[in-house]
Every structure is written in C-alpha cells, then in structure tokens.
Amino acid sequence: MDDFFCGWYFKCQSPGQTLALIPAVHRHRGHTTASIQLICDTGCWSVPVNCPHPQVLPHRPVARLGPNVFGPDGLRLDLQTPVLSARGTLRFGPPTPLRSDIMGPFRWVPGMECQHSVYSMAHRVDGAVTVNGVAYRFDDGIGYLEGDRGRSFPSQYAWTHCAFPGGSLLLSAARIPFGPLHFTGVIAAVQLGRMEYRLATYRGARAVKLQDGEILVRQGPLELSARKLEDTAQPLQAPVRGQMSRVIRENAACRAQYRLTKHGRPLWALESSRASFEFEYPEMH
C-alpha cells in the first residue's frame, strides 16, 4: 500500500485562549497508525491512538479515533495518558466556506505531495475542554477548520491563519516538487465581510519574500504581507512519506502583522496577538 497521511486541523479561539486539535491517520510501508495532536497556549502533545478502525475522511472533516469524535458540527474529546488529560465537548456553528476550492486546478494534478483543503474560514464555537486541569471555555468563540492529505508535508513552507472581527485570513507558500524540478506555490484567501480576495499561483501570484518570519506575495496590483512579530512556537509532528517522523514548530497564538494593498493603496491592515504561524524556511539574519 502507498505511504499516505490524512488529517484535519480544528482551531478554536476565545479572546484569551487558543486550542487546536489535529486528528490524523498515517500509513507507512503498509502499517496504519493514528494520532491526535493537541496545541494550546501552554503546551502541545502528540497522542498515538490505538483503536480497531481509525477513521479520518479525506474530503470532509470527520474523524473517529476511539472515543474521540470530530465532525463539522463539533467534537467530543477524551484523551487520557500519563502526561495528558483532555476531555470535553465543543459545538460548531455554520461554516464560512471559501467561494471555491483553495487548490484551484491543482486539486486535479495527480501525484501532488500534499493537498490542502479549507472547510471553514470562520464559525462559532461553544463548549469547553479541560486540559490537565485547565478549562478552555468557548462562549461564542471563533473556529477555523482545514485539512491536509498526501504523502509528506512540503520540505519548506510557511503558513499563517488569523481570524478577526468581520473576517479571516489564510496565507501559505510552499516548495512544490514538480518532476525533477520544483517551484514555490502560493495560496491565500482574505475574507473581509462579504468580499473575498484570492491570491494563488494559478492566478499569477508569486512569493517575493520568504525569510525572517515574513511572507510577501504579489499578484497583479494586489500585494499581501504577513510578518511574525514574536515566537511562541511549540513542536508538532509532521508526515514524511506517511510516517510522523518530522518535527515542525507552530505558533498557536502569537503577535503578527498583516497588510493587503492594491496599486500600493491599503485595503486592509491588522496587527493581532491571536495569529497562528508556522515558518519552515531557513531564517536569514
């Protein structure tokens, strides 16, 4: 059987707390395993889940890993290990989808190393999860839901998401293998009220800066930048040919600055302390 992974990223935020959960299945050399990763403001944990029939759907955010159930309407969590106790229930409101698939025509390209999905740019979150005695409570909180599937995470990539009053942003750039060559692929979406700005390689976007925690993308008259202003990163596991053998670092909630311009004129700008940010490019100083 081919090496493979499939996982969904459930991010939940209140004004003062962030909790993200990643249920996933991974197959390497014919051996299938499952895990749940939990990231919060104070730590992160990767928990192997041993259950008879682990299920993570590739095209819909549905996962059943033992007593842990995830879906588009909410989740029920029950993780008990010597170092982690996490239990609770969260309910999700209606999703805010993108107008079209974030991968565009690349979703049809066979053999892609990693396929990305965005199920909801923003939705309501209610409920509570207790993590090692600390209650993460969400009363009209905000959620974000995306997924990845394929063989491996890109060898180099940057990713950020930030929800804010009246909108939500996703921006990612990655080294994409293409036969013996490679190129830097870009996907981005900025929802501002009823407006959606899409920047992507398949629309002519290109990354003009990827260093020192900054992403700068241009597409015609549009320019979108994201800059990490602090580092609160914690280690996560990521797949290499279906095996969770790589360590990456995610800022679940950090200070970051964003700016969108058109013909050099500002359309939108934001500095947030609740941004999520991964930057897996070499830092240059």
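In this predicted model, strand 20 and strand 21 form a hairpin, with two residues between the strands. One residue in this turn, His263, has a positive phi of about 55°. The two strands run antiparallel and are joined by 10 bridges. One of the pairings can be traced from strand 20 into strand 21, where the bridge partner of Thr261 is Pro266.

Strand 20, which spans residues 243-262, has further partners. Thr261 turns up again here, as the bridge partner of Glu223. Strand 18 (residues 222-228) pairs with strand 20 in the antiparallel sense, over seven bridges. Strand 19 (residues 234-240) is likewise antiparallel to strand 20, and six bridges join them. Strand 19 and strand 20 also make a hairpin with two residues between the strands. Here Arg241 takes a positive phi near 50°, and Val240 has Gln243 in strand 20 as its bridge partner.

It helps to keep a simple rule in mind while following these strands: in a regular strand, side chains alternate between the two faces of the sheet.

The cysteines can be considered next. The structure holds zero disulfides. Cys254 is in no disulfide, and the nearest cysteine sulfur, in Cys162, lies 8.9 Å away. A disulfide needs two cysteine sulfur atoms within 2.5 Å. Cys254 is also buried, with a relative accessible area of 0%. For Cys51, the closest cysteine sulfur is that of Cys6; the two sulfurs are 14 Å apart, so they are too far from each other for a bond.

How values were computed
Residues numbered from 1 in each chain as written. Predicted model: local features only at pLDDT ≥ 70, side-chain atom pairs only at ≥ 80, totals over all residues. Heavy atoms only, no water. Buried < 20%, exposed > 50% of the residue type's maximum accessible area, 1.4 Å probe, protein only. Pairing = 2+ DSSP bridges. Helix = DSSP H or I, 4+ residues; strand = E, 2+ residues; numbered from the N terminus.
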